[in-house]
Amino acid sequence: MMDNAARRASEPRLAPVPDACYLCKSRRLRLRHQARGGSSPQGAAAYNCTSFGHRSHPPIWGCEDCGMLFQWPLQSPDALLQAYQDVEDPLYVAEKDNRYHTFRRVLRELGAAQGRTLLDVGAYCGYFLDVAREAGFRPEGLELSRWAAGNARSLGFTVHGIPLRELAAKGHQYDVVTLWDVVEHFADPREELKAAFKLVRPGGRIYLSTIDAGSLLARLMGGQWPWLMDMHLFYFGRRTLAMLLEEVGLRVTDVRTYTHIISADYLLRKVGASFTPSAPVLELVRRGVPSNWSIPFNLGDNMLMAAERPL
């Protein structure tokens, strides 16, 4: 078996400056955000859904033509796969009730279940699968984290622990494919969405949520935007995500903002991690606020996009 040093030595070396935009292939690029917080993520915890590693990231480049933002250089696909397989995230479980509230809210966007089959990509602990099953869907999941997949399987679900392209190669198809806060983590979103296209039946729908780098808040905050993080490899806006979906053969049918339901305690911890000078004050506030208060959180910088595979 190849040890870590040998694996790193065998990985291709990426140039410090990208030669073209990932999305449109333009060569008109500029460095938008300098690297911060170290040269590489500190283990699998950097990829937890509940990571507090805000504004810690490698260099982020932007395309002057299409507006796409992306990390460069990227971690190797093998290193990312290993990191995601090793993820363990008990704080996500502690926020279970609010995750259910979030998913019951977003489930309305999918329409009547009518026994349709559904694949949730990045199913994590299976909470959306559970909500979809309650509504009458026939759901399965795909999850790389061994810890999270085990949690989802304990709820009685089929959870595929392989990359999306491998599942697509098996010939599986579903009426609905969902990717909640997933596309920004892919090492190669184009290839992953091509696989998602194959997995959805003609006439079926794909639903994605992701952070919106083109939102007013993201543009106003610039380098202070909290979602600039190690685990976010690509930063889409509404236009750039639609461009990629249509490139792989899907037809965008709807786009809107996406609301998370979170506890007051979790929100205050997130704000403290994002704006560290305020952390001591926020810690005092945390002590006086009921930790189980549920708050709908939507600042306009998370989006939900729906797309259809044409008949």
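Buried, as used in these legends, means under 20% relative accessible area. The structure in every view is a predicted model.

**View 1. S76 sits in a loop and is buried.**
S76 belongs to the loop that runs between β3 (69-71) and α2 (77-85). Its relative accessibility is 13%, so S76 counts as buried. Look for the side chain of S76 here: one of its polar atoms lies 3.1 Å from the backbone nitrogen of A79.

**View 2. A cis peptide bond joins W72 and P73.**
Check the link between these two residues, where omega is about 0°. P73 is found in the loop between β3 and α2, and that loop is also where S76 has its place.

**View 3. Helix α8 (residues 189-199) is largely enclosed by the rest of the structure.**
Why call α8 largely enclosed? Because eight of its 11 residues are buried. The buried ones are P189, R190, E192, L193, A195, A196, F197 and L199. As for what surrounds them, these residues pack against two helices, α7 (164-169) and α10 (238-247). They also pack against the strands β4 (117-121), β7 (174-180), β8 (200-211) and β9 (234-235).

**View 4. Helices α8 and α10 cross obliquely.**
This one picks out a single neighbour of α8. The axes of α8 and α10 are 9 Å apart, and the two helices pack at an angle of about 55°. That angle makes α8 oblique to α10. The crossing of α8 past α10 is right-handed. On the α8 side, the contact is made by P189, R190 and L193, and on the α10 side by L244, L245 and E247. Sorted by class, that gives four nonpolar residues, two charged ones and no polar ones. P189, R190 and L193 also appear among the buried residues of α8.

**View 5. Helix α4 (residues 96-107) meets helix α5 (residues 127-135).**
Here the two axes come within 9 Å and cross at roughly 50°. α4 is therefore oblique to α5, and α4 passes α5 in a right-handed crossing. From α4, the residues to find are K96, R99, Y100, F103, R104, V106 and L107. They meet Y127, F128, D130, V131, A132, E134 and A135 of α5. What classes of residue make up this contact of α4 with α5? Nine are nonpolar, five are charged and none is polar. While tracing such a helix, keep in mind that residues three or four places apart point the same way, because an α-helix has 3.6 residues a turn.

**View 6. R286 sits in helix α12 (residues 279-288).**
Is R286 buried or partly exposed? With 24% relative accessibility, R286 counts as partly exposed. Leaving out residues up to four places away in sequence, R286 touches D265, L268 and R269. Don't expect L199 in the same close-up: C-alpha to C-alpha, R286 and L199 are 44 Å apart in space, and they are 87 residues apart in sequence.

**View 7. K25 and D181 have positive phi values.**
K25 lies in the loop between α1 (4-10) and β1 (29-33). Its phi is near 70°, a positive value in a residue other than glycine. D181 isn't a glycine either, yet its phi is about 55°. You'll find D181 in the loop between β7 and α8. D181 has a relative accessible area of 24%, so D181 is partly exposed.

Definitions and conventions: Residues are numbered from 1 along each chain as its sequence is written. This is a predicted model: local features need pLDDT of at least 70, side-chain atom pairs count only at pLDDT 80 or more; totals for chains, interfaces and linings use all residues. Side-chain values use heavy atoms; hydrogens and water are left out. Helices (H or I, at least four residues) and strands (E, at least two) are DSSP runs, numbered from the N terminus. Buried means under 20% relative accessible area, exposed over 50%, partly exposed in between (1.4 Å probe, protein chains only). A polar contact is a pair of N or O atoms within 3.5 Å; within protein, one must be able to donate a hydrogen and the other to accept it, and residues adjacent in sequence count only if both atoms are side-chain atoms. Contact means heavy atoms within 4.5 Å. Axes are lines fitted to C-alpha atoms, for helices over the stretch in contact, and angles run from 0 to 180 degrees between N-to-C directions. Angles under 35 degrees count as roughly parallel, over 145 as roughly antiparallel, 65 to 115 as roughly perpendicular and the rest as oblique. A crossing is left-handed if the near helix is turned anticlockwise from the far one by less than a right angle, and right-handed if clockwise. Ala, Val, Leu, Ile, Met, Phe, Trp, Tyr, Cys and Pro count as nonpolar, Asp, Glu, Lys and Arg as charged, and the others, Gly among them, as polar.
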